[in-house]
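The following report describes selected features of a protein chain, moving from single residues to sheets and then to a pocket.

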Amino acid sequence: MDTHQAGIAGRPGRVAMLSLHTSPLAQAGIGDAGGLNVYVNALSAALAAQGVEVDLVTTDLDGPDRADRVTELEDGRRIHVLPVAHTCQQDKNRLLECLDDLARRAVLSLVSTGTGRVDVLHSHYWISGLAGLQMAEELNAELVHTMHTIGQVKQELDARLWEDPRRHAAETKIAEAAAALTANTSGDAADLVRVFGVPQERVVEVRPGVDVDIFHPPQGADPRIGPLDGRPLRLTFAGRLQEHKGPHVAVSAVAELGRMHPQQPVELTVAGRQSGPDALDVRQLADREGIAHRVRFVDPLPHPDLAELFRRSDAVLVPSRSESFGLVALEALACGTPVLAHDVGGLSELVTHRRTGRLVSDLNPHSWAEQMNWLVIHRRAWARYSETAASQASGHSWSDTAEAALRAYCAAVPALCG
């Protein structure tokens with residue numbers, strides 16, 4: 001490709017990020033919105049703060065009759081919103097039927113705005129990656145891609161999980177064509193090399209960050225420290241209510257703990273909504289388990305409210321079948337809240353067993369109940385976990401994530417960075 005003019009301080013001058021199946025500004029926990037949304041929004045904001053011109057490209061599934069529109073956010077980022085035809089709205093995979101049209105319109109929108117050419121096109125998730133292949137050619141830009149999750153890896157860990165049969169071929173095509181791939185963790189990087197056979201030098205680790213101005217321990221003395229003295233053990237699950245995320249494991253484990261130690265009161269807060277083809281009716285499960293009075297259900301929370309919930313919790317539960325990273329776990333740790341997590345994927349790297357929380361080797365509710373009970377008994381250890389968790393999480397900033405992303409962009413287009 002042609003040599004690009006270097007951006008500010010030898011960095012890309014303009015980066016366009018694609019997130020077609022879900023808006024980066026959407027509330028995590030609703031519909032398909034989750035950690036990917038938080039990642040794209042926070043990373044793009046951090047890049048903009050470092051002087052990079054950033055465009056976000058997404059779709060509008062609610063307004064097919066509206067015109068394409070561009071809005072400038074307060075921090076200077078532009079978001080390009082492309083309405084989607086009714087025939088492509090039933091679920092995210094139906095977007096494939098409109099992908100050529102969306103890619104064409106996205107290129108037109110990017111060309112008609114901004115100060116110059118797009119240096120790097122950064123796509124997120126496989127649907128956006130397919131559009132990115134087409135757009136990169138038309139824009140004469142290099143493609144950097146983040147899988148976020150790899151379909152084959154998810155099915156290796158959860159054989160019952162349905163994935164679109166087109167996904168693996170699409171991800172293989174993207175991996176072969178992208179100038180650089182980013183990975184959330186070292187394990188994620190190893191999976192990219194193993195599954196797609198890409199050279200290690202084309203994979204750059206770009207770990208997600210956390211906003212420590214929002215996610216931080218309680219101010220002053222932490223009221224959670226010390227013996228419970230009859231107060232409830234307060235637990236939280238935050239995420240989409242689908243089988244893959246494991247809210248049913250959390251509910252059944254609380255019921256099991258109640259049977260093991262009926263004298264110990266327990267409260268579980270479930271923050272999220274049903275989502276996807278494997279959605280669960282967790283309220284019904286709590287009724288069947290006889291613990292409806294112990295479970296509080298709330299809608300997905302904006303970050304300041306979520307942080308407050310974490311600071312009131314003795315532990316946050318992450319019983320996902322697989323996670324490429326586990327942003328909820330990092331946000332909880334930053335609040336000084338130990339995490340009980342399934343020992344899988346990015347969670348295995350993020351949660352340090354017996355230092356910032358407990359890693360559970362399986363999804364048997366009894367195993368999780370035993371770890372919950374451990375937190376009841378070992379309150380001094382809980383305090384050490386809390387302190388270490390906050391300290392370690394504070395090292396994950398979105399500014400650092402942006403610097404790592406810039407290294408990926410420079411790897412993709414060496415001429416940008418000298």
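## Asn37 and its surroundings

Asn37 has a relative accessible area of 1%, which means that this residue is buried. The model in which this value was computed is a predicted one. Asn37 belongs to helix H1, whose residues are 35–49. Leaving aside residues up to four places away in sequence, the contacts of Asn37 are Thr22, Ser23, Pro24, Ala26 and Asp32.

## The eight-stranded sheet

An open sheet is built from eight strands in the order E3-E4-E2-E1-E5-E6-E7-E8, and its pairing is mixed. Its edges are held by strand E3 (69–72) and strand E8 (203–205); each has a single partner strand, so one side of each lacks a neighbour in the sheet. On average, and with direction ignored, neighbouring strands of this sheet are turned by 25 degrees against each other.

At the E3 edge, the partner is strand E4 (residues 78–83): the two strands run antiparallel and are joined by four bridges. Within this pairing, Thr71 is found opposite Ile79 of E4. Helix H2 (residues 99–111) lies across E3 and E4 as well as strand E1 (14–18) and strand E2 (53–60), and its direction is at about 145 degrees to E4.

## The six-stranded sheet

A further open sheet has six strands, ordered E11-E10-E9-E12-E13-E14, and its pairing is parallel. Strand E11 (295–298) and E14 are the edge strands, each of them pairing on one side only. From one strand to the next, the twist averages 20 degrees.

Inside this order, strand E12 (residues 315–318) pairs with strand E13 (residues 339–342) in the parallel sense, over three bridges. The bridge partner of Val318 in E13 is Ala341. Helix H12 (residues 365–377) lies across E12, E13 and E14, together with strand E9 (233–238), and runs at about 160 degrees to E13.

The helices that lie across strands of the two sheets are set out below.

| Helix | Strands crossed | Angle |
|---|---|---|
| H2 (residues 99–111) | E1, E2, E3, E4 | about 145 degrees to E4 |
| H12 (residues 365–377) | E9, E12, E13, E14 | about 160 degrees to E13 |

## Gly357 on strand E14

Strand E14 (residues 357–360) contains Gly357. Is Gly357 buried or exposed? Its relative accessibility is 1%, and Gly357 therefore counts as buried. Beyond residues up to four places away in sequence, Gly357 touches Pro338, Val339, Val351, Thr352 and Tyr385. Ala315 is 42 residues from Gly357 along the chain, and the C-alpha atoms of the two are separated by 8.3 Å.

## The second largest pocket

The second largest pocket holds about 430 Å³ of space. Its lining comprises 20 residues, of which Val38, Asn41, Ala42, Ile214 and His303 are the closest to the centre. By class, this lining has 12 nonpolar, six polar and two charged residues.

Which helices each supply at least two residues of this lining? They are helix H1 (35–49) and helix H14 (398–412). H1 gives the most, with five residues. Helix H1 thus links the pocket to the opening section of this report, as Asn37 also has its place in H1.

Technical notes:
Residues are numbered from 1 along each chain as its sequence is written. This is a predicted model: local features need pLDDT of at least 70, side-chain atom pairs count only at pLDDT 80 or more; totals for chains, interfaces and linings use all residues. Side-chain values use heavy atoms; hydrogens and water are left out. Buried means under 20% relative accessible area, exposed over 50%, partly exposed in between (1.4 Å probe, protein chains only). Contact means heavy atoms within 4.5 Å. Two strands pair if DSSP finds at least two bridges between them. Axes are lines fitted to C-alpha atoms, for helices over the stretch in contact, and angles run from 0 to 180 degrees between N-to-C directions. On a 1 Å grid over the protein atoms alone, a cavity is a set of points where a 1.4 Å probe fits but cannot get out, and a pocket is an open set with protein on both sides within 12 Å along at least five of seven lines; lining residues have an atom within 4 Å of a point. Grid points are joined across faces, edges and corners, and a volume is the space filled by probe spheres set on the points. Ala, Val, Leu, Ile, Met, Phe, Trp, Tyr, Cys and Pro count as nonpolar, Asp, Glu, Lys and Arg as charged, and the others, Gly among them, as polar.
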